[in-house]
Amino acid sequence: MSRQSLSLLKNLRSIATGSKIQTRSVTYMPRPGDGKPRPVTLIPGDGVGPLVTNAVEQVMKAMHAPVYFEPFEVHGDMKSLPEGLLESIKKNKVCLKGGLKTPVGGGVSSLNVNLRKELDLYASLVNCFNLPGLASRHENVDIVVIRENTEGEYAGLEHEVVPGVVESLKFCSERIAKYAFEYAYLNNRKKVTAVHKANIMKLADGLFLESCQEVAKKYPSIAYNEIIVDNCCMQLVARPEQFDVMVTPNLYGNLVANTAAGIAGGTGVMPGGNVGAEYAVFEQGASAGNVGKDTTEEQKNANPVALLLSSAMMLRHLQFPSFADRLETAVKRVIAEGNCRTEDLGGNSTTQEVVDAVIANLD
């Protein structure tokens, strides 16, 4: 058989099997009116917060995203949340937030915690994953840390019984377990790991595990296991690829999320948010880290990647998936190319240069 005849036969076989048929991806079908621009409450925050939130505003404007911002001046040293802020978030349902400095020790309480408690944002989610082109100690890292956000140590329910003796209340609820399994189910995740210290905190963490075990029974397709928090930290730095979705009480989750972020590429590139039954606040996933760095603020070289990726999460939350995909793809292209990176990623670019590069890479 001639080479030409063989080629023709292959083409006929391809047509017969349908491999040559042009297909479209499944489209997102909005409801009438879904394209109307949505208001989003904006908290620029402290330190580099205004820099990175402005970065998001520029990119949203460049791709004509159907959102507009209602800014509020909030600072971590304020004694209370400013008037009108909660009303704005309750009206808009969604907020984008820069970092707020939290005072250490006595005096002013954390406005970050106050905001979560007032809006009942009981679930904190941080997605820690490898970005192509960004060197890290481990590969195949894609961890979602879901922690309880309003109870436990962060509830602030503590008092001094007598001088030198402080009593703190710790408790957990099953709704964080439900959220973790629901997230895993809706995002095609395969395993949920509960992080605890029930070998010592037998009642409080024991109750947390009981809740996780009961919820796990309702999701038989999702694997479930448990790990003590100190062993968890060791396993994270040794074999992070074994983890998928992790559900934790409040304090453990803060430590685990920052550890996972450091392993995957740094806190400056990890997105996250806080969500409750009605409202959602999106912010940099792991600890802001550079919020208090005066040199970063002065040199205007704060890393906007984490908040840009968090705003992509926000766009999906608002049911604007194509805009989310465009933004996330542009950010990943800039990271992969490696020509435009801030100091924390080994480069010398300014925040604005990263923003310009992302805008240039928008489809």
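This report describes the fold, the central sheet and selected residues of a predicted protein model.

## Overall composition

The protein comprises 363 residues, of which 49% are buried. Its secondary structure amounts to twelve helices and twelve strands. Among contacts with a separation of 6 or more, 74% involve residues 24 or more positions apart.

The accessible surface totals about 18,500 Å². Carbon and sulfur atoms contribute 53% of that surface.

## The ten-stranded sheet

Ten strands form an open sheet with mixed pairing, in the order β2-β1-β3-β12-β11-β4-β5-β10-β8-β9. At its edges lie β2 (67-71) and β9 (223-228), each of which pairs on one side only. From one strand to the next, the twist averages 25°.

Both senses of pairing can be illustrated. Strand β4 (residues 123-129) runs antiparallel to strand β5 (residues 142-148), and seven bridges join the two. Within this pairing, Ser 124 has Arg 147 of β5 as its bridge partner. By contrast, β8 and β9 pair in the parallel sense, over six bridges. Here His 196 stands opposite Ile 228 of β9. The connection between these parallel strands involves helix α6 (residues 204-216), and β8, α6 and β9 together make a right-handed β-α-β unit. In general, the strands of a sheet pair through backbone hydrogen bonds, in either a parallel or an antiparallel arrangement.

## Helices packed on the sheet

Two helices that pack on the sheet are described here. Helix α8 (residues 250-264) touches β4, β5, β8 (191-196) and β10 (245-248). The direction of α8 makes about 160° with that of β5.

Helix α10 (residues 305-317) also packs on the sheet, where it touches β1 (38-43), β2, β3 (94-97), β4, β11 (271-275) and β12. The angle between the direction of α10 and that of β12 is about 160°.

## Glu 283 in strand β12

Glu 283 belongs to strand β12 (residues 280-284). Its relative accessible area is 12%, and because the limit for a buried residue is under 20%, Glu 283 counts as buried.

With neighbours within four places in sequence set aside, the contacts of Glu 283 are Lys 97, Arg 116, Pro 271, Gly 272, Gly 273, Asn 274, Leu 307 and Ser 310. Strand β11 spans residues 271-275 and helix α10 spans residues 305-317.

## Aromatic pairs

The structure holds four aromatic pairs. Phe 320 and Phe 323 have ring centres 6.5 Å apart and planes at 80°, so their arrangement is edge-to-face. Phe 320 is buried, at 6% relative accessibility, and Phe 323 is likewise buried, at 19%.

A single aromatic cluster is formed by Phe 181, Tyr 185, Tyr 219 and Tyr 224.

## Tyr 179 in helix α5

Tyr 179 is located in helix α5 (residues 175-186). Beyond residues up to four places away in sequence, Tyr 179 touches Tyr 122, Ala 123, Leu 125, Ile 146 and Val 275. The C-alpha atoms of Tyr 179 and Gly 276 are 9.6 Å apart in space, with these positions 97 residues apart in sequence numbering.

## Loop residues and helix α12

Val 48 lies in the loop between β1 and α2 (49-62). With a relative accessible area of 4%, Val 48 is buried. A distance of 7.2 Å separates its C-alpha atom from that of Thr 296, although the two residues are 248 residues apart along the chain.

Pro 103 occupies the loop between β3 and α4 (111-119). Its relative accessible area of 31% makes Pro 103 partly exposed. Pro 103 and Gly 76 are 27 residues apart in sequence, and their C-alpha atoms are 7.2 Å apart.

Thr 351 is part of helix α12 (residues 351-360). Thr 351 counts as buried, at 2% relative accessibility. Setting aside neighbours within four places in sequence, Thr 351 is in contact with Leu 51, Ala 55, Lys 300, Asn 301, Ala 302 and Pro 304.

Notes:
Residues numbered from 1 in each chain as written. Predicted model: local features only at pLDDT ≥ 70, side-chain atom pairs only at ≥ 80, totals over all residues. Heavy atoms only, no water. Helix = DSSP H or I, 4+ residues; strand = E, 2+ residues; numbered from the N terminus. Buried < 20%, exposed > 50% of the residue type's maximum accessible area, 1.4 Å probe, protein only. Contact = heavy atoms within 4.5 Å. Pairing = 2+ DSSP bridges. Axes fitted to C-alpha atoms, helices over the stretch in contact; angles between N-to-C directions. Areas by Shrake-Rupley, 256 points an atom, 1.4 Å probe, with all protein chains shown as cover. Right-handed = clockwise from strand over helix to strand, strands pointing away. Phe/Tyr/Trp six-rings, centres within 6.5 Å; stacked < 30°, edge-to-face > 60°.
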